[in-house]
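Reader: I have a chain in front of me and a list of labels for its parts. Take me through the reasoning behind them.

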Amino acid sequence: MQNALLIGLSRQMTLERQMDVVANNVANANTNGFKADHSLFEEFLNSNAREDNFVGADRRVSYVQDRGTYRDIGQGAMEATSNPLDMAIDGNAYFAVQANGGEMFTRDGKFSLNSTGQLVTSNGNLVLGTGGPITFQPTDHDINVSPDGTITVLEGTAKTDSIRGKIRMASFDDPTKLTKLGANLYSAGSATQQPDAKSTVRQGYIEKSNVNSVGEMTRMVEVMRSYTAIANLLQQQSDLHKSAIEKLADVPA
């Protein structure tokens, strides 16, 4: 196969995978706490097809290779909801939740109470405090969450606060090493938990996605145009080869 076709094909393959990443970002532009992914590309050099009887060294051919993706861990915008059970973390920490039979992590603080009074995520996973799941009593009211995550309530007709638990905020040495599991959940992966004295909880707020919708739509158009341009180039190369073969076939013996 001609080198031009190989180079064009390598670029089309990376553009296809880049489109998958961009499309996933656009689909989650309104997902609470979602962190955008971006593609990484690098140049891959390889020698071209050759015959041993040519004099001199072969020129190296430059291909396109998508090395992987990286996660933008920047904080999304804070949106006020006035719901006392909604929480957002101001900082790099994550909420700890019980899911899939173990401890997982999320930035989505859209919480509510289940039928037994336990604090759960929008997917029904138990929100973990420093002492385990957090449970409210049927007569609890005036819920207050302090910046350090301590939850206090007024129970019944009592005029003194009762503590229901403390939100456990998990921080990591390198959050980009967390493994995405879907449903806005992460596992620790190869990241190591570490103390975090800077992150705080903001009650009555939700962290929105950090996806730049306009930028992602622009990138999607660029990818589509690039893919089309390379497809046209490959078609032109194919037409040239076809024309050359036809002309060679017409050469008299």
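Author: Start with Glu-216. Leaving out residues up to four places away in sequence, Glu-216 touches Val-22, Asn-25, Val-26, His-38 and Val-211. Keep in mind that this is a predicted model.

Reader: Where does Glu-216 sit, and what makes it buried?

Author: Glu-216 belongs to helix 2, residues 213-249. Its relative accessible area is 3%. Buried means under 20%, so Glu-216 counts as buried.

Reader: What makes the pair of Glu-216 and Asn-25 a polar contact?

Author: The two side chains meet at 3.4 Å. The cut-off for a pair of N or O atoms is 3.5 Å, and the value of 3.4 Å falls within it.

Reader: Turn to strand 5. Why is strand 5 called largely enclosed?

Author: Strand 5 covers residues 94-99, and 5 of its 6 residues are buried. The rest of the structure therefore largely encloses it.

Reader: How do you know which strands pair with strand 5?

Author: Pairing takes at least two bridges. Strand 14, residues 169-172, has 2 bridges to strand 5. Strand 6, residues 102-106, has 5. Strand 9, residues 126-129, has 2. Each of the three therefore meets the cut-off. Strand 5 runs antiparallel to strand 14, to strand 6 and to strand 9.

Reader: Which residues stand opposite each other there?

Author: Phe-95 faces Met-169 in strand 14. Gln-98 stands opposite Glu-103 in strand 6. Gln-98 also stands opposite Leu-126 in strand 9.

Reader: What lies between strand 5 and strand 6?

Author: The two strands form a hairpin, with 2 residues between them. Asn-100 is in the turn and has a positive phi of about 55 degrees.

Reader: What makes Phe-95 and Phe-111 an edge-to-face pair?

Author: The structure holds 4 aromatic pairs. In this one the ring centres are 5.0 Å apart and the planes stand at 80 degrees. Centres must lie within 6.5 Å, and planes over 60 degrees apart count as edge-to-face. Both tests are met, so the pair is edge-to-face. Phe-95 is in strand 5, while Phe-111 is in the loop between strand 6 and strand 7 (112-113), 16 residues apart. Phe-95 is buried, at 1% relative accessible area. Phe-111 is buried too, at 3%.

Reader: Why are Phe-105 and Phe-172 called edge-to-face?

Author: Their ring centres are 5.0 Å apart, and their planes stand at 85 degrees, so the pair is edge-to-face. Phe-105 lies in strand 6 and Phe-172 in strand 14, so the pair ties together parts that are 67 residues apart in sequence. Phe-105 has a relative accessible area of 1% and is buried. Phe-172, at 4%, also counts as buried. Both rings belong to one aromatic cluster, with Tyr-94 and Tyr-186.

Reader: Which residues have the most contacts inside the largest nonpolar core?

Author: They are Met-87, Leu-119, Phe-136, Ile-151 and Ile-167. This core has 15 residues. Strand 4 and strand 12 each supply at least two of them. Another core, of 9 residues, lies apart from it and includes Tyr-94, Ala-96, Phe-105 and Leu-178.

Reader: What makes strand 11 and strand 13 edge strands?

Author: The open sheet has 3 strands in the order 11-12-13, with antiparallel pairing. Strand 11 (140-145) and strand 13 (161-166) each have a single partner strand, so one side of each is left without a neighbour in the sheet. The twist averages 30 degrees from one strand to the next. Strand 12, residues 150-155, pairs with strand 13 over 5 bridges. Thr-152 stands opposite Ile-163 in strand 13.

Reader: Last, Ser-82 and Asn-184. Buried or exposed?

Author: Ser-82 has a relative accessible area of 70%. Exposed means over 50%, so Ser-82 is exposed. Asn-184 is at 15%, so it is buried. Ser-82 has a phi near 65 degrees, a positive value in a residue other than glycine. Asn-184 also has a positive phi, near 65 degrees. Ser-82 is in the loop between strand 3 (78-80) and strand 4 (87-90). Asn-184 is in the loop between strand 15 (179-182) and strand 16 (185-187).

How values were computed. Residues numbered from 1 in each chain as written. Heavy atoms only, no water. Helix = DSSP H or I, 4+ residues; strand = E, 2+ residues; numbered from the N terminus. Buried < 20%, exposed > 50% of the residue type's maximum accessible area, 1.4 Å probe, protein only. Axes fitted to C-alpha atoms, helices over the stretch in contact; angles between N-to-C directions. Core = buried A, V, L, I, M, F, W, Y, C linked by side-chain atoms within 4.5 Å. Polar contact = N/O pair within 3.5 Å; in protein donor to acceptor, adjacent residues only side chain to side chain. Contact = heavy atoms within 4.5 Å. Phe/Tyr/Trp six-rings, centres within 6.5 Å; stacked < 30°, edge-to-face > 60°.
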